[in-house]
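User: I'm new to this structure and would like a close look at a single part of it. Could you pick one helix, take me through it slowly, and then show me what lies around it?

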Amino acid sequence: MATPRQLLNHLLAEGTADRPLVDLGSSSVTGLRGVAGSGDIPSGGPGGGIVGHPVLQTQVLDGPTSAGLGSDSARAGCVFERPVLDEDDTFLDLIGVRWRCTDGPPAEFEHPLEHATQAQIAGYPRPQWPTALQVADDFTIEHQQLVVAEPPCPGLIEMCFALRNGWQFLDDLTGGWRVANALLDWCLETVVSAYEHLLTRLPQVPDVVIYRDDYGVQGSMYVSELDFRTFIRPRLRTIMSWIRRLTPARIVFHSCGAIAPIVPDLVTLGVDALNLQPDARGIDLIKLRQALPGTLALHGVTDLPALGQAIESGDMSALLQQARLFARLWPAMAAPLDVLAADVSVSSLVRAATFLKTLTLDDLADLQTGRATPHSLQLALAAAQEVSLPPVPTS
């Protein structure tokens, strides 16, 4: 039986693999949040453990725990002490941005470079990245789980927005290009330093590297196509080039937003998989899949909780709908549509992962053409319904 590493190589070299791969809990793109709501971060006391992402509060899962969820992947990366709120319910991140916690996830509250000049931006101090690392454990190595690495910083545009304030940065792009270029250059160098910090310290070469950078919201992009190609794309090429110098790992590129017009630009960066927002305006994953090279995978195209709930309830109509969508998007890697809430049903995740990993290439081909019937999927359904469930992960 092929290992996850072999399956990944086959998927990205030939567009085929013996079965689907499941990526769950290995990064801030596929992770599980620690605790729901504003209680994520304790106030006035110890940080309360470590997290994989200081804002999203993703859990740090080891190899056995991620495998128990059904994941073929395990995390390797920097770990952060869970931040502590001050009396105003805020905390400071590593690049100097202040975040405020109210009723939901933390929101940007203060932007340290919002009123900075070009010279002040150039002289802004570099962050000190965490020295504590989560590395591939013996279980991960023995079972050849995919090792997924993610840098300890946001992507290029997310960092510009956080440091400068999104509206101010967009104004800079149109009327203050010298300041915009200074900020983009500072962020470019900082992103590269974060990847270098992580990838030169990991004792094992990762299989996958995540690049996460949101370029829009559900209805529109943050910047015009022209500004993207003028200011951002050249620097993205530099970042991708640096990542390739540091590691032979495959690159998964994540971006939320209505970025359909620039997907061809992302493809030309030579990334190995795209993780996009399926419900964003202009994003038609089925049409996109038909236009993409067969050796470039889609990632994060599966509503794992919904699929798991359909399995638990025996809802064959919903089950077939989810399975056929995944098959039509093949070659793809199964992963959550977004970072998962703390109260997500662990049993639904395990059952969904088990179901997908039981599918064969013949099953996927039948699902693509609509020939698959409930009877032909009974083995996969039975395996998913009977799987033993692990303990609920805790942060």
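Analyst: Here is a walk that begins at helix H5 and moves outwards from there. One thing to keep in mind is that this is a predicted model.

Let's start with the helix itself. H5 covers residues 156-164. Is H5 enclosed or open? It is largely enclosed by the rest of the structure, because 8 of its 9 residues are buried. Those buried residues are Leu156, Ile157, Met159, Cys160, Phe161, Ala162, Leu163 and Arg164. So what does the covering? The elements over the buried residues of H5 include strand S6 (107-110), helix H3 (118-122), helix H6 (166-175), H7, S9 and helix H8 (225-246).

Now look at where the helix ends. Right after H5 comes Asn165, with a positive phi near 90°. Asn165 sits in the loop that links H5 to H6, and that phi value is a positive one in a residue other than glycine. Asn165 counts as buried too, since its relative accessibility is 18% and the cut-off for buried is under 20%. If you'd like another residue with that kind of backbone angle, try Gln144, a non-glycine residue whose phi is positive, near 55°. You'll find Gln144 in the loop between helix H4 (138-142) and strand S8 (146-150). Gln144 is partly exposed, with a relative accessible area of 28%.

Back to H5, and to the open space beside it. The largest pocket has a volume of about 800 Å³, and H5 supplies the largest share of its lining, 4 residues. H5 has company there: strand S2 (73-78), helix H7 (177-199) and strand S9 (208-212) each give at least two residues to the lining as well. In total, 37 residues line this pocket, and the ones nearest its centre are His53, Trp99, Glu108, Pro154 and Glu158. What is the lining like by class? It has 23 nonpolar, 7 polar and 7 charged residues.

There is a closed space to look at as well. Rolling a probe the size of a water molecule over the atoms shows where empty space is left. Searching the whole structure turns up 1 cavity of 30 Å³ or more, and the space inside the largest cavity comes to about 30 Å³. Ile157, which is one of the buried residues of H5, lines that cavity together with Tyr215, Tyr222, Val223, Phe228 and Ile232. By class, the cavity lining has 6 nonpolar residues, no polar ones and no charged ones.

Next comes the packing. In soluble globular proteins, nonpolar side chains tend to be buried together. The largest nonpolar core here holds 126 residues, and the members that touch the most others are Leu163, Tyr211, Tyr215, Phe253, Leu274 and Phe355. H7 gives the most to this core, with 14 residues. Two of those names tie back to what you've just seen: Leu163 is among the buried residues of H5, and Tyr215 lines the largest cavity. Tyr211 is worth a pause too. Setting aside neighbours within four places in sequence, Tyr211 is in contact with Gly155, Leu156, Val191, Tyr195, Leu236, Ile239, Met240, Val252, Phe253 and His254. On that list, Leu156 is one of the buried residues of H5.

One more stop follows on from H8, which is among the elements covering H5. Thr247 lies in the loop between H8 and strand S10 (250-255). Is Thr247 buried or exposed? At 6% relative accessibility, Thr247 counts as buried. The side chain of Thr247 reaches the backbone nitrogen of Ala249 at 3.1 Å. Beyond its neighbours within four places in sequence, Thr247 is in contact with Leu199, Val205, Pro206 and Val209.

To finish, here is the picture in short. H5 is largely enclosed, with 8 of its 9 residues buried, and it gives the lining of the largest pocket its largest share, 4 residues. Through Ile157, one of its buried residues, H5 also takes part in lining the largest cavity.

Terms used:
Residues are numbered from 1 along each chain as its sequence is written. This is a predicted model: local features need pLDDT of at least 70, side-chain atom pairs count only at pLDDT 80 or more; totals for chains, interfaces and linings use all residues. Side-chain values use heavy atoms; hydrogens and water are left out. On a 1 Å grid over the protein atoms alone, a cavity is a set of points where a 1.4 Å probe fits but cannot get out, and a pocket is an open set with protein on both sides within 12 Å along at least five of seven lines; lining residues have an atom within 4 Å of a point. Grid points are joined across faces, edges and corners, and a volume is the space filled by probe spheres set on the points. Ala, Val, Leu, Ile, Met, Phe, Trp, Tyr, Cys and Pro count as nonpolar, Asp, Glu, Lys and Arg as charged, and the others, Gly among them, as polar. A nonpolar core is a set of buried Ala, Val, Leu, Ile, Met, Phe, Trp, Tyr and Cys residues joined through side-chain atoms within 4.5 Å. Buried means under 20% relative accessible area, exposed over 50%, partly exposed in between (1.4 Å probe, protein chains only). Contact means heavy atoms within 4.5 Å. A polar contact is a pair of N or O atoms within 3.5 Å; within protein, one must be able to donate a hydrogen and the other to accept it, and residues adjacent in sequence count only if both atoms are side-chain atoms.
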